[in-house]
Every structure is written in structure tokens, then in C-alpha cells.
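Hi,

Here is the structure I promised to send over. Have a look at it first, and then read on for what turned up.

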Amino acid sequence: MNLVLTNIFSSPFYLSHIIFSALIGYWIYLDATERGSDANLLWALGCTFIQPLILGYLLYRSEIGGRTEPAGVTERVIGTVVIGQLVTEQLWFGLRFTGIIASRVYPPAVELQYYVALFAVGVIPGYWLVWKRGWARIRREFGWVQESERATVQN
């Protein structure tokens with residue numbers, strides 16, 4: 001058991017994934033609650049433990065209902081961090097799969113440097129999607145916006 005905990009807490013990617021899982025659940029809980037979902041806790045727990053459900057929630061949430069007011073600062077910061085972490089993990093695994101980063105165990109300090117650099121890159125799409133209303137533009141382009149939200153979604 002000690003070896004498992006040591007492995008989890010010695011790598012910034014494992015530890016950040018645990019934090020990411022908790023944040024994604026909280027973020028989805030806030031959004032589903034604001035949209036009036038009766039299953040907000042179920043969505044949050046499902047997306048926390050079965051992460052492919054995140055995409056399903058993002059596609060389905062317009063069917064739940066429209067938001068009564070725009071997301072607050074806390075929800076936007078969490079959303080930016082969550083998207084940044086998701087992009088960071090995909091970059092990390094992609095770079096390891098292609099062999100750009102060798103598939104060996106690095107010391108925690110080296111992994112932390114990789115993580116910080118990749119997270120800085122990952123936050124850019126998070127910032128664009130959350131703060132610059134990029135996700136709202138994408139949803140409007142594909143017609144995934146409720147009528148009640150049309151006034152709040154800017155071009």
C-alpha cells in the first residue's frame with residue numbers, strides 16, 4: 001500500500017489527475033445545478049469516475065435547460081483549470097506515445113517541469129473556451145443552444 005501511495009504522490013501527473021477528477025465533478029455539479037437538473041449529483045459523480053461521460057454531458061447539457069445567468073468567476077476558473085489539465089494529459093500521453101518524450105520513469109522534479117510547461121500550453125484553449133466564450137460560439141455554430149440561452153450567447 002505504501003508503494004502505491006508513493007507512486008501516486010511522487011508524480012505530478014498522477015496527483016494532478018486526482019485533483020482534476022474532483023474539480024471536473026464540482027464543475028459539472030455547478031453547471032447542472034444552474035441548469036436546473038434533477039440529476040446534478042449523478043452527473044457529477046458519473047463524470048468524476050467515468051470520464052468519457054464528460055463529453056456526453058457537454059453534448060447533452062443543452063437538453064437539460066438553459067442557464068439563468070452566466071457562469072461566475074469561480075466556475076470559470078475551475079473550467080479553465082479543468083480544460084487545461086485535460087489538454088495537458090493529452091499532450092503528455094501523445095508526446096510519450098510518439099517517442100518525443102522517452103517512455104521511462106523520470107524523477108519527480110523533471111516530471112514537474114514537463115507538467116508546468118504542458119499545463120501552460122493547456123490553459124490557452126481553456127482560457128479561450130471559458131473566458132472568451134469560445135465554447136458558446138461552438139455550441140451556437142452547431143445549434144446546441146437552448147432558446148432561453150440565445151440572448152446570452154454572443155457572436
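Let's start with helix H5, residues 73–98 of this predicted model. With 26 residues at 1.5 Å each, H5 should span 38 Å, and its end C-alpha atoms sit 37 Å apart, so the two values agree. Right after H5 comes Gly99, which has a positive phi, near 90°.

Quite a few H5 residues are buried, among them Glu75, Arg76, Glu89 and Trp92. Gly79, Thr80, Val82 and Gly84 are on that list too.

Another buried one to click on is Gln85, also in H5. Its relative accessibility is 3%, which is under the 20% cut-off, so Gln85 counts as buried. What does the Gln85 side chain make a polar contact with? The partner is the side chain of Tyr115, at 2.8 Å. Leaving out residues up to four places away in sequence, Gln85 touches Tyr115 as well as Ser16, His17, Phe20 and Phe119.

Now for the core. The largest nonpolar core has 14 residues, and Ile24, Trp27, Ile28, Cys47, Ile54, Tyr57 and Val82 have the most contacts inside it. Helices H2 (12–34), H3 (40–49), H4 (53–64), H5 and H6 (108–130) each give two or more residues to this core. H2 supplies the largest share, five residues.

If you want one core residue to look at, try Cys47: apart from neighbours within four places in sequence, Cys47 is in contact with Ile24, Ile28, Leu53, Ile54 and Tyr57.

Cheers

Notes: Residues numbered from 1 in each chain as written. Predicted model: local features only at pLDDT ≥ 70, side-chain atom pairs only at ≥ 80, totals over all residues. Heavy atoms only, no water. Helix = DSSP H or I, 4+ residues; strand = E, 2+ residues; numbered from the N terminus. Expected span 1.5 Å × (residues − 1). Buried < 20%, exposed > 50% of the residue type's maximum accessible area, 1.4 Å probe, protein only. Polar contact = N/O pair within 3.5 Å; in protein donor to acceptor, adjacent residues only side chain to side chain. Contact = heavy atoms within 4.5 Å. Core = buried A, V, L, I, M, F, W, Y, C linked by side-chain atoms within 4.5 Å.
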